[in-house]
Amino acid sequence: MKLSTKIRLFSSLFMLILVLLVNTAIYYMFHTMSLNGERAELTEQANEIVTALNDSPNIAKSDLLRAYLPTDGMIRVVGKDGNLLMSTLTKDWSYKDLPSSYSKKQTSRIIPLKDQANFLTVSKPIIWKNGEVATLQVYKQLVAHTETMETLFYVLMVASIIVLIPTIIAGSLLGRFILNPIKSLTSTMKENISSTNWKKINLENRSRDELYEMEKTFNVMIDYLKDNFEKQEIFVSDASHELKTPISIVKSYAQLLKRRGRENPELINESVQAIDSEADRMQKLVEQMLLLAKNQEQGAYSKLNIVQLAWATVDQFKGAYNRELIVETDSQDIYVNGNYDQLQQVIYILIDNALKYSDKSVNITLSQQPSEVQINVQDYGQGIPQEEMEKIFDRFYRMEKSRSRELGGTGLGLAIAKAIMEKHHGSLSVISNPGEGSTFSMMLPTINRN
Ligand code: ADP
């Protein structure tokens, strides 16, 4: 079932039930009030008759009773054994079949009739001619009451219809109001699927409601997807471009060996060395690309002592390089919530770069800030010009391509480091003075020791 039909159906059904309940309540309240009024009036009349009978013992009772005969009614006097002590007084003889009853107490009841208005009867005990206790029964046909109730019934029916029509119209307007944005969202999505043109929804002149929020979020999502898609495209094209150079070097050496390898055995050594080093390069590139893809995901986080982690990383370098690495720290216990391997990777990349792009000592400083820890990796090397500072964090970006290549760089290290820091809600930045050196700063939120 369509959503618009559901909205219309639900709102109309809800209103119908509500109207029916309210109207039924009104009908029965009015019915009871009107009937009570009739009953009070008839009881009053019966009382008057009893008083008149008591006050005028000399007037023939049937004559006296005739004076009180209601237009749409009847008066009867019923004896103890149910027989009538006086002939029925009525203007309409069709009433004479109505049942009569003897009662010592004052009672009142409704006598229901088919196809005509019901009767109301009030019974009161009276002393009859021979001192016997008889029952005076006054009957009244509820003609006016029935007519009024009938009129009220039709009025309420018409009122219900009048209320229901605007409800149905409002239901379909509401359906349209809600569905239009959903329809436009669906059609925009379909368009985007069929043609990848990143179409967004036009939000001009729209009221700021929940549907507006939904469409706005959709537009933000489209921007995000477009951005990611373009980044992936650039990454794939950059990666294939980066792989092209070592592949063509390997290929040209292989062809050289094929053509002239047999006559010039000295070429074999040179070619095998070049092929081996290019294969190493390709391996490193592929490994780093995989690392970059892996670091887009959230690893397993745990509470870890970043000072110990920094020392462990520095120790790895101390064995491999004969360079001075100085570690300074405010405290031996600074705790962060993070992935051990990923954070070690960041410190590793920064120290590796500092060693690659400088010849002097490298300083690693850890300082505790109010809610963060700052880890600086400082070198005294060539530095980075101002205009390059943002670009060096881009994938495959290298300031001096050939120099970085010589040093075994891929241009992916800082991109990997930045992605890891962002995943850890931290940041990575650089301050540098060309000719004097660079300082890379990692900022990470800290957690309590316990
Ligand atoms: P690479 O594998 O080339 O080192 P990175 O992404 O780690 O790739 O670094 C990108 C570029 O930033 C490097 O090619 C280099 O030009 C520059 N760079 C990085 N670290 C330093 C540093 N400590 N000093 C000078 N330049 C640096």
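**Exercise 1.** In this predicted model, determine whether Thr90 counts as buried or exposed, and describe its surroundings.

*Solution.*
Step 1. The relative accessibility of Thr90 is 12%. Buried means under 20% relative accessible area, so Thr90 counts as buried.
Step 2. In terms of secondary structure, Thr90 belongs to strand E2, which covers residues 89-90.
Step 3. Polar contacts of the side chain come next. A polar atom of the Thr90 side chain lies 3.0 Å from the backbone oxygen of Asp92. The side chain of Thr90 also reaches the backbone oxygen of Gly73, at 3.4 Å.
Step 4. When residues up to four places away in sequence are not counted, Thr90 touches Leu69, Gly73, Met74 and Tyr95. Gly73 thus appears both among these contacts and as a partner through its backbone oxygen.

**Exercise 2.** Classify the geometry of the pair formed by the rings of Tyr27 and Phe153, and locate both residues in the chain.

*Solution.*
Step 1. The structure holds nine aromatic pairs. In the pair considered here, the ring centres of Tyr27 and Phe153 are 6.3 Å apart, and rings pair if their centres lie within 6.5 Å.
Step 2. The planes of Tyr27 and Phe153 stand at 80 degrees, so the pair is edge-to-face; the cut-off for this class is over 60 degrees.
Step 3. Tyr27 lies in helix H1 (residues 3-55) and Phe153 in helix H3 (residues 143-195). With these positions 126 residues apart, the pair links distant parts of the chain.

**Exercise 3.** Extend the analysis from Phe153 to Tyr154, and state which residues form one aromatic cluster.

*Solution.*
Step 1. Phe153 has a relative accessible area of 40% and is therefore partly exposed.
Step 2. Phe153 also forms an aromatic pair with Tyr154. The centres are 5.6 Å apart and the planes make an angle of 75 degrees, an edge-to-face arrangement.
Step 3. Tyr154 has a relative accessibility of 53% and counts as exposed, the cut-off being over 50%.
Step 4. The cluster consists of Tyr27, Tyr28, Phe153 and Tyr154.

**Exercise 4.** Identify the ring over which the charged end of Lys61 sits, and that over which the charged end of Lys418 sits.

*Solution.*
Step 1. For Lys61, the ring is that of Trp128, with the charged end 5.9 Å from the ring centre.
Step 2. For Lys418, the ring is that of Phe393, and the distance to the ring centre is 4.6 Å.

**Exercise 5.** State the domain assignment of the chain and the separation of domain 1 and domain 2.

*Solution.*
Step 1. The assignment gives domain 1 (3-148), domain 2 (200-294) and domain 3 (302-445).
Step 2. Between the C-alpha centres of domain 1 and domain 2, the distance is 99 Å.

Notes:
Residues numbered from 1 in each chain as written. Predicted model: local features only at pLDDT ≥ 70, side-chain atom pairs only at ≥ 80, totals over all residues. Heavy atoms only, no water. Phe/Tyr/Trp six-rings, centres within 6.5 Å; stacked < 30°, edge-to-face > 60°. Helix = DSSP H or I, 4+ residues; strand = E, 2+ residues; numbered from the N terminus. Buried < 20%, exposed > 50% of the residue type's maximum accessible area, 1.4 Å probe, protein only. Lys NZ or Arg CZ within 6 Å of the ring centre and 35° of its normal. Domains from an automatic or database assignment. Polar contact = N/O pair within 3.5 Å; in protein donor to acceptor, adjacent residues only side chain to side chain. Contact = heavy atoms within 4.5 Å.
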